[in-house]
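Colleague: I should like to understand how the labels used for a structure are justified. May we go through some of them in turn?

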Amino acid sequence: MSVFTRRVPAPEETDYTKYRPLVREDFRECCAYCLLHEILAAGADNFELDHFHPKSIPEFAHRVNDFYNIYYSCHVCNHTKGRKWPDEKLISQGYRFVDLCAEDFSEHFREEDDGF
Ligand SMILES: [Zn+2]
């Protein structure tokens, strides 16, 4: 079971920034990548809208306003990920970003006995 469940149907806007309240709600006020909650990051002002498939990469440019491509991200994760995306060679080797809207957390991470 995925960590995050996106609403259905997706809203359709021509300016993705209008999605912010809905994206924030879908991600339960947590970062899509590190799962940090807003409360632990000094509030929503430190969270941003990330394009999972980077809008600056030509093959994904058409997804700039695709609601399902907009992820709620803490500032650190958004700027670390930025426009990074694996090229075809890396993808063929299995490299990719974990998508917790589609994948089970336990497929990628394991909690130790001490809670970490
Ligand atoms: Zn994060």
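Modeller: Certainly; please note that this is a predicted model. Let us begin with the zinc ion, whose site is tetrahedral.

Colleague: What makes the site of the zinc ion tetrahedral?

Modeller: The angles among its four donor atoms are 103 to 114 degrees. Four donors count as tetrahedral if all angles lie between 85 and 135 degrees, so the label applies.

Colleague: Why are Cys31, Cys34, Cys74 and Cys77 called donors of the zinc ion?

Modeller: Their SG atoms lie 2.3 Å from the zinc ion. Because the limit for a donor is 2.8 Å, these sulfur atoms qualify. In sequence, the donor residues follow the spacing C-x2-C-x39-C-x2-C. Cys31 belongs to the loop between α1 and β1 and Cys74 to strand β2, so this pair ties together parts 43 residues apart in sequence.

Colleague: How do you know that Cys31 is buried?

Modeller: Its relative accessible area is 0%. Buried means under 20%, so Cys31 meets the condition. Cys74, at 6%, is also buried.

Colleague: Why is the contact between Glu38 and Arg24 called a salt bridge?

Modeller: The N to O distance between their side chains is 2.5 Å. The cut-off is 4 Å, so the pair counts as a salt bridge. Glu38 is in the loop between α1 and β1, and Arg24 is in helix α1, 14 residues apart.

Colleague: Why is Arg24 called partly exposed?

Modeller: Arg24 has a relative accessible area of 28%. Partly exposed covers values between the 20% and 50% limits, so the term fits. Glu38, by contrast, is buried at 4%.

Notes: Residues are numbered from 1 along each chain as its sequence is written. This is a predicted model: local features need pLDDT of at least 70, side-chain atom pairs count only at pLDDT 80 or more; totals for chains, interfaces and linings use all residues. Side-chain values use heavy atoms; hydrogens and water are left out. Donors are N, O and S atoms within 2.8 Å of the metal (3.2 Å for Na, K and Ca); water is not among the atoms, so sites may look incomplete. Four donors count as tetrahedral if all angles lie between 85 and 135 degrees; four count as square planar and six as octahedral if opposite donors are over 155 degrees apart and all others between 65 and 115; anything else is irregular. Helices (H or I, at least four residues) and strands (E, at least two) are DSSP runs, numbered from the N terminus. Buried means under 20% relative accessible area, exposed over 50%, partly exposed in between (1.4 Å probe, protein chains only).
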